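Work through the exercises below with the sequence and the coordinates at hand. Each task is followed by a solution in steps.

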Amino acid sequence: MARPCPDGPAETLFISDLHLSAERPETVALFLSFLAGRAQRASRLYILGDLFDAWIGDDDMAPPHPEVCSALRRLTASGTQCALMHGNRDFLIGRAFSRTTGCTLLRDPTLAHFDREPTLLMHGDLLCTQDLAYQRFRRRIRNPIVRHLFLWRSLASRRALAADYRRRSGAATADKPDQIMDVDERTVARYLQRFGARRLVHGHTHRPAEHARAIDGRLMVRSVLADWHPDGGEVLVHTPGEWHREPVLAGEPSGAPLARRE
Ligand SMILES: [Mn+2]
């Protein structure tokens, strides 16, 4: 059960693309204080992918994984439900992680309801269908056999393969036109129609915005989540009847609404 909210309506928080790693200690610290503070006042936290910059298996206990997992455990034990969706960087998060942290793992896409409005939750990479090379690569690495063979390797070997992949992916991304790295609007419309959804919340593109457009004569809203930086992050908040964004700043309790960006 979600926590009963003694001091206000039930809140649901949405974040994504924190890209936590040992190389970004400030972002890790920001997230830990978010979990210990702001997130504990919410009934539910959705993490829509790329919480970690890399995840090579639940047995990888290199920093910052243990402290992040303990902090997530403390959050779920405090009564805030936490649901996590895989991103393209951390799609190997598995059942052991889920048991350790108390977080539920979500399929991509997942349909949820807010104010009885069908809302589709996605990481966002499935929407970038103009990037054909990436979609081919995604199908290959998400294949259960490929996944199994990878996880069967030693940690050292997995670490080396992942570093090599990041190098090549970084080089390939730098060469791609900006537009190819964004979502494809026809794909967005297809997903919304297929699931009968009126709203889509996703991350991945690091282009935070609220997009409204009519599809089949009905208004649809697409909320794009922000990526987090060492100097700050952002959270999308749903309270009954209302959506808004809040900044998450280092050393400051978050709470002030941030102007919507169109
Ligand atoms: Mn991503």
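**Exercise 1: the surroundings of Cys82**

Setting aside residues up to four places away in sequence, Cys82 touches Leu45, Ile47, Leu72, Leu75, Thr76, Gly102 and Cys103. The model is a predicted one.

Task: State which strand holds Cys82 and decide whether Cys82 is buried or exposed.

Solution.
- Step 1. Cys82 belongs to strand S3, residues 81-85.
- Step 2. Within 10 Å there are 21 other C-beta atoms. A residue is buried if this count is 20 or more, so Cys82 is buried.
- Step 3. For a distance along the chain, take Asp184: Cys82 and Asp184 are 102 residues apart in sequence, and their C-alpha atoms are separated by 29 Å.

**Exercise 2: the packing of H1 and H2**

Task: Describe how helices H1 and H2 are arranged, and name the residues that make the contact.

Solution.
- Step 1. Two packed helices are described by the angle between their axes and the distance between the axes.
- Step 2. Helix H2 covers residues 65-78, and H1 packs against it at an angle of about 15 degrees, with the axes 9 Å apart.
- Step 3. Angles under 35 degrees count as roughly parallel, so H1 and H2 are roughly parallel to each other.
- Step 4. The crossing of H1 and H2 is left-handed.
- Step 5. H1 contributes Val28, Phe31, Leu32, Leu35 and Ala36 to the contact, and H2 contributes Glu67, Val68, Ala71, Leu72 and Leu75.
- Step 6. Sorted by class, the contact of H1 with H2 has nine nonpolar residues, no polar ones and one charged residue.

**Exercise 3: the largest nonpolar core**

Task: Which residues touch the most other members of the largest nonpolar core, and which element supplies the largest share of this core?

Solution.
- Step 1. The core has 47 residues, of which Leu13, Phe14, Ile47, Leu48 and Leu225 touch the most other members.
- Step 2. Helix H1, residues 25-36, gives the largest share of this core, with five residues.
- Step 3. Take Phe14 as one of the residues with the most such contacts. Beyond residues up to four places away in sequence, Phe14 touches Tyr46, Leu48, Val201, Leu225, Val235 and Leu236.

**Exercise 4: two cis peptide bonds**

Task: Locate the cis bonds that lead into Pro64 and Pro109, and then examine the surroundings of Pro64.

Solution.
- Step 1. Pro63 and Pro64 are joined by a cis peptide bond with omega of about 5 degrees. Pro64 sits in the loop between strand S2 (44-48) and H2.
- Step 2. From Asp108 to Pro109 the peptide bond is also cis, with omega near 0 degrees. The loop that holds Pro109 runs between strand S4 (104-106) and strand S5 (110-114).
- Step 3. Pro64 has 20 C-beta neighbours inside 10 Å and therefore counts as buried.
- Step 4. Apart from neighbours within four places in sequence, Pro64 is in contact with Leu20, Ala22 and Val28. The C-alpha atoms of Pro64 and Ala29 are separated by 9.9 Å, with their positions 35 residues apart along the chain.
- Step 5. Follow the contact to Leu20, a residue of the loop between strand S1 (12-15) and H1. Leu20 has 25 C-beta neighbours inside 10 Å, so Leu20 counts as buried.
- Step 6. Besides Pro64, Leu20 touches Thr27, Val28, Phe31, Leu51, Phe52, Asp53 and Val68, residues up to four places away being left out. Leu20 and His65 are 45 residues apart along the chain, and their C-alpha atoms are 8.8 Å apart.

**Exercise 5: positive phi outside glycine**

Task: For Asp50 and Asp216, give the loop and decide whether each residue is buried or exposed.

Solution.
- Step 1. Phi of Asp50 is positive, near 55 degrees, in a residue other than glycine. Asp216 is likewise not a glycine and has a positive phi of about 55 degrees.
- Step 2. Asp50 is in the loop between S2 and H2, whereas Asp216 is in the loop between strand S8 (209-215) and strand S9 (218-224).
- Step 3. Asp50 has 29 C-beta neighbours inside 10 Å and so counts as buried.
- Step 4. Asp216 has 8 C-beta neighbours inside 10 Å and so counts as exposed.

Methods. Residues are numbered from 1 along each chain as its sequence is written. This is a predicted model: local features need pLDDT of at least 70, side-chain atom pairs count only at pLDDT 80 or more; totals for chains, interfaces and linings use all residues. A nonpolar core is a set of buried Ala, Val, Leu, Ile, Met, Phe, Trp, Tyr and Cys residues joined through C-beta atoms within 7 Å. A residue is buried if 20 or more other C-beta atoms lie within 10 Å of its own, exposed if 12 or fewer, and partly exposed in between; C-beta atoms are placed from the backbone. Helices (H or I, at least four residues) and strands (E, at least two) are DSSP runs, numbered from the N terminus. Two residues are in contact if their C-beta atoms, placed from the backbone, lie within 7 Å. Axes are lines fitted to C-alpha atoms, for helices over the stretch in contact, and angles run from 0 to 180 degrees between N-to-C directions. Angles under 35 degrees count as roughly parallel, over 145 as roughly antiparallel, 65 to 115 as roughly perpendicular and the rest as oblique. A crossing is left-handed if the near helix is turned anticlockwise from the far one by less than a right angle, and right-handed if clockwise. Ala, Val, Leu, Ile, Met, Phe, Trp, Tyr, Cys and Pro count as nonpolar, Asp, Glu, Lys and Arg as charged, and the others, Gly among them, as polar.
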